[in-house]
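Work through the exercises below with the sequence and the coordinates at hand. Each task is followed by a solution in steps.

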Amino acid sequence: MSSRTSPNGELTVLRAGDYEATVASVGAGLVSMSFGGTDLVLPFPADELPPAYAGKVLMPWPNRVAGGAYSFAGQRFELPVNEAGTGSALHGLALWNAWQVERRSDAEVMLTHLLHGEPGYPFQLALTARYALDAETGLTIELGARNQGTAPAPYGCGSHPYITVGGENISTCELTFPGGKVLMTDEKLQPTELRDITGTDFDFSQARLLAGQQLDHAFTALPEGTWDVRLRHPARQLSAVVESTGTDAPWLQLYSGELRGRKGLAVEPMTCPPDAFNSGQDLVVLAPGQSHALACRIHAVEG
């Protein structure tokens with residue numbers, strides 16, 4: 001007798017109204033999401049590794065730690081470098097691990113993972129990821145962490161969906177989002193300076209086509225209340241929307257998906273900017289027993 005193991009682990013299909021979503025137990029990842037049969041999240045084959053971190057949960061840090069090294073509480077730590085081109089530790093430690101399915105129903109799944117720590121991150125975190133689908137409001141993603149150890153722990157998180165409108169090339173889509181500042185980077189994608197985006201090529205306060213523009217940048221100065229990112233295809237009269245709040249996610253990474261043929265736009269709500277483990281900017285420090293939560297929502301808008 002033989003058995004097969006998928007690189008995405010156990011799959012859970014959620015349905016509510018015209019929405020459908022698939023969640024993987026490995027990395028608590030979002031494999032797909034659709035509305036009325038039209039993809040809102042660019043899918044990938046369930047028996048293949050997710051390309052370009054598609055749908056992954058980013059814990060206990062999003063984006064990059066420069067050089068894979070940082071100092072915290074008077075100690076220096078070295079993380080595994082998993083992006084050779086930039087020499088960075090990218091997107092945390094939990095995204096390739098098997099998570100446990102704690103509960104599920106037709107429209108909800110809760111996954112958990114205990115991060116025991118390792119030499120570069122010797123902290124113990126109980127992690128949760130909840131996906132809940134609603135016929136009216138779409139897919140809510142809730143990410144949580146609780147410090148189970150005896151020492152304060154540096155922490156950040158984010159989510160990495162690629163939104164799409166039926167797989168159309170994003171160059172034919174209009175993008176709208178309300179960021180006020182962009183974090184510029186060097187050739188290794190490490191932060192250099194924060195710039196105002198008003199009147200620049202990064203200004204998408206008014207809907208504008210993405211044709212000819214590449215993005216792999218973090219944005220901040222987001223509205224204090226609820227904000228959203230909208231990717232709209234004019235011919236289809238449909239928008240894929242990622243919605244969050246300034247208090248939950250003061251940072252937003254946008255990547256124009258060249259590694260996925262520009263068929264989707266990575267929209268990553270984040271609690272902190274790239275290299276926050278070194279800069280300390282918006283870094284969450286979890287005291288023993290302390291918890292943190294981040295929530296965002298993906299839904300469709302017709303018209």
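**Exercise 1. Aromatic pairs**

Task: How many aromatic pairs does a search of the whole structure find? Then classify the pair of phenylalanine 77 and phenylalanine 123 from its geometry.

Solution.
- Start with the count. This is a predicted model, and the search of the whole structure finds 13 aromatic pairs.
- Choose the descriptors. A pair of aromatic rings is described by the distance of the centres and the angle of the planes.
- Apply them. The ring centres of phenylalanine 77 and phenylalanine 123 are 5.9 Å apart, and the planes make 65 degrees.
- Classify. Planes over 60 degrees apart count as edge-to-face, so the pair of phenylalanine 77 and phenylalanine 123 is edge-to-face.
- Place the partners. Phenylalanine 77 sits in strand E8 (residues 75–78), and phenylalanine 123 in the loop between strand E11 (108–115) and E12. They are 46 residues apart, so the pair links distant parts of the chain.

**Exercise 2. From a pair to a cluster**

Task: Are phenylalanine 77 and phenylalanine 123 buried or exposed? Which residues do ring pairs link into a cluster?

Solution.
- Take the cut-off: buried means under 20% relative accessible area.
- Phenylalanine 77 has 6% relative accessibility, so it counts as buried. Phenylalanine 123 has 6% relative accessibility and is buried too.
- Add a further ring. Tyrosine 121 pairs edge-to-face with phenylalanine 123, at 4.8 Å centre to centre and 70 degrees between the planes. Tyrosine 121 is buried as well.
- Extend the network. Ring pairs join Trp61, Tyr70, Phe72, Phe77, Tyr121, Phe123 and Phe277 into a cluster.

**Exercise 3. Nonpolar cores**

Task: Which residues touch the most other members of the largest nonpolar core?

Solution.
- Recall the trend. In soluble globular proteins, nonpolar side chains tend to be buried together.
- The largest nonpolar core holds 76 residues, and Tyr121, Tyr131 and Leu254 touch the most other members.
- Strand E12 (residues 125–134) supplies the largest share of this core, five residues.
- A second core is separate and has eight residues, among them Ala24, Leu42, Phe44 and Ala54.

**Exercise 4. Empty space**

Task: Which residues line the largest cavity, and what is the volume of the largest pocket?

Solution.
- Use the probe idea. Rolling a probe the size of a water molecule over the atoms shows where empty space is left.
- Count the cavities. One cavity of 30 Å³ or more is found. The largest cavity has a volume of about 50 Å³.
- List its lining: Asn63, Arg64, Thr185, Leu189, Asp216, His217, Ala218, Gln253 and Pro274. Strand E21 (residues 216–220) gives the most, three residues. By class, the lining has three nonpolar, four polar and two charged residues.
- Turn to the largest pocket, with about 240 Å³ of space. It has 14 lining residues, and those closest to its centre are Tyr53, Arg64, Glu83, Leu90 and Tyr255. The lining divides into six nonpolar, four polar and four charged residues.
- Take the second largest pocket, with about 150 Å³. Its lining includes Gln214, Leu215, Ser256 and Glu258. The classes are three nonpolar, four polar and two charged.

**Exercise 5. Backbone outliers**

Task: Which peptide bond is cis? Where do alanine 73 and arginine 262 lie?

Solution.
- Set the baseline. Most residues other than glycine have a negative phi, and most peptide bonds are trans.
- Check omega. The bond from methionine 59 to proline 60 is cis, with omega near 5 degrees. Proline 60 lies in the loop between strand E5 (57–58) and strand E6 (64–66).
- Check phi. Alanine 73 has a positive phi, near 50 degrees. Alanine 73 is in the loop between strand E7 (69–72) and E8.
- Arginine 262 has a positive phi, near 55 degrees. Arginine 262 is in the loop between strand E24 (251–255) and strand E25 (265–270).
- Compare the surroundings. Alanine 73 has a relative accessible area of 69%, so it is exposed. Arginine 262 has 12% relative accessibility and counts as buried.

**Exercise 6. Serine 32**

Task: What is serine 32 in contact with, beyond its neighbours within four places in sequence?

Solution.
- Locate serine 32: strand E3 (residues 30–35).
- Test burial. Serine 32 has 16% relative accessibility, so it counts as buried.
- List the contacts: Glu20, Ala21, Thr22, Val41 and Pro43.
- Take one distance. Serine 32 and threonine 22 are 10 residues apart in sequence and 5.2 Å apart in space, C-alpha to C-alpha.

Terms used: Residues are numbered from 1 along each chain as its sequence is written. This is a predicted model: local features need pLDDT of at least 70, side-chain atom pairs count only at pLDDT 80 or more; totals for chains, interfaces and linings use all residues. Side-chain values use heavy atoms; hydrogens and water are left out. On a 1 Å grid over the protein atoms alone, a cavity is a set of points where a 1.4 Å probe fits but cannot get out, and a pocket is an open set with protein on both sides within 12 Å along at least five of seven lines; lining residues have an atom within 4 Å of a point. Grid points are joined across faces, edges and corners, and a volume is the space filled by probe spheres set on the points. Helices (H or I, at least four residues) and strands (E, at least two) are DSSP runs, numbered from the N terminus. Ala, Val, Leu, Ile, Met, Phe, Trp, Tyr, Cys and Pro count as nonpolar, Asp, Glu, Lys and Arg as charged, and the others, Gly among them, as polar. A nonpolar core is a set of buried Ala, Val, Leu, Ile, Met, Phe, Trp, Tyr and Cys residues joined through side-chain atoms within 4.5 Å. Buried means under 20% relative accessible area, exposed over 50%, partly exposed in between (1.4 Å probe, protein chains only). Contact means heavy atoms within 4.5 Å. Rings of Phe, Tyr and Trp (its six-membered ring) pair if their centres lie within 6.5 Å; planes under 30 degrees apart count as stacked, over 60 as edge-to-face and the rest as tilted.
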